Amino acid sequence: MGVENAKMLREEAAAKARESVGGTLEERMANRMYIAWGEWQPDYEGWIKWSNDLYTADAVISAIGATDQKFRDYQASMKEQRDRCTMEMGPIKQMTVGDGVAALVYEMYLTPKGMENAPTFSMMVTEFNKLEEIDGKLMVTRLDLYTDGGNLRV
């Protein structure tokens, strides 16, 4: 498993989740995350549309820097990252759902732009997504994201 088959694996998991109907809140939350993961977009404009469908407008994001961000500020900070690197998300390796939170573990792949034969760096990511039903749709209201720094560490 690696960056070369990440999209295919995400899409396969999403297709299986789409086949599952109903179920408990936890099962619906897991399916929501698998489907969202399958639809994830690497380009910034596609990601903006994708993220607007997953996160509430007032979601709190703890992912970049030492302080929480409002969702719109997080989206803006991701533009800088996308301008510097091509990003790909691996499939969800593990998910635990309970008490309104979906905890995900996956690999993220970053390849610097503008560099010939640029290496692709990978890091393990753990996310805690607080989901709430908003207008009949499960949406993330809080994201806490942690990485191991991967092979980006010097």
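Let me start with Asn31, which, if we leave out residues up to four places away in sequence, touches Ala17 and Ser20. One of these two also meets Asn31 through a polar contact, since the side chain of Asn31 and the side chain of Ser20 come to 3.1 Å in such a contact. Please keep in mind, as I go on, that what we are looking at is a predicted model. Asn31 is found in helix H2, and is Asn31 buried or exposed? Its relative accessible area is 15%, and because buried means under 20%, Asn31 counts as buried.

A useful contrast is Lys7, which is found in helix H1, the helix made of residues 6-19. Lys7 has a relative accessible area of 47%, so we call it partly exposed. I also looked at Lys7 together with Phe121, and these two residues, although 114 residues apart in sequence, are 17 Å apart in space when we go from C-alpha to C-alpha.

Now let us turn to the interior. The largest nonpolar core has 34 residues, and the members that touch the most other members are Met33, Trp47, Trp50, Tyr55, Leu104, Tyr106 and Met108. Which helices and strands each supply at least two residues of this core? On the helical side they are H2 (25-39), H3 (44-54) and H4 (71-84), while the strands are E1 (55-62), E3 (85-89), E5 (101-112), E6 (121-134) and E7 (137-147). If we take Met108 and leave aside its neighbours within four places in sequence, we find it in contact with Met87, Glu88, Met89, Phe121, Ser122, Met123 and Val125.

Some of those core residues return when we ask about aromatic rings, of which the structure holds seven pairs. Trp50, Tyr55 and Tyr106 belong, with Trp37 and Phe71, to one aromatic cluster. There is a ring with a charge over it as well: the charged end of Lys79 sits over the ring of Tyr44, at 5.6 Å from the centre of that ring.

Let me move on to the strands, beginning with E1 and E7, which pair in the parallel sense over four bridges. Within E7, the residue that stands opposite Tyr55 is Val140. Ser62 is found in strand E1 too, and with a relative accessible area of 17% Ser62 is buried. Apart from neighbours within four places in sequence, Ser62 is in contact with Asp68 and with Arg142, Leu143, Asp144 and Leu145.

E7 also pairs with E6, but here the sense is antiparallel and the pairing runs over 10 bridges. Glu133, for example, has Leu138 in E7 as its bridge partner. How many residues lie between E6 and E7 in the hairpin that they form? There are two residues between them, and Asp135, in the turn, has a positive phi of about 50°.

Finally, I would like to set a second hairpin beside that one. Strand E4, residues 94-98, runs antiparallel to E5, and five bridges join them. Gly98 stands opposite Val101 in E5. E4 and E5 form a hairpin with two residues between them, and in this turn Asp99 has a positive phi of about 55°. So that you can follow this on the structure, I suggest looking at the two aspartates in turn: Asp135 sits in the turn between E6 and E7, and Asp99 sits in the turn between E4 and E5.

Notes
Residues are numbered from 1 along each chain as its sequence is written. This is a predicted model: local features need pLDDT of at least 70, side-chain atom pairs count only at pLDDT 80 or more; totals for chains, interfaces and linings use all residues. Side-chain values use heavy atoms; hydrogens and water are left out. A nonpolar core is a set of buried Ala, Val, Leu, Ile, Met, Phe, Trp, Tyr and Cys residues joined through side-chain atoms within 4.5 Å. Buried means under 20% relative accessible area, exposed over 50%, partly exposed in between (1.4 Å probe, protein chains only). Contact means heavy atoms within 4.5 Å. Two strands pair if DSSP finds at least two bridges between them. A polar contact is a pair of N or O atoms within 3.5 Å; within protein, one must be able to donate a hydrogen and the other to accept it, and residues adjacent in sequence count only if both atoms are side-chain atoms. Rings of Phe, Tyr and Trp (its six-membered ring) pair if their centres lie within 6.5 Å; planes under 30 degrees apart count as stacked, over 60 as edge-to-face and the rest as tilted. A charge sits over a ring if NZ of Lys or CZ of Arg is within 6 Å of the ring centre and within 35 degrees of the ring normal.
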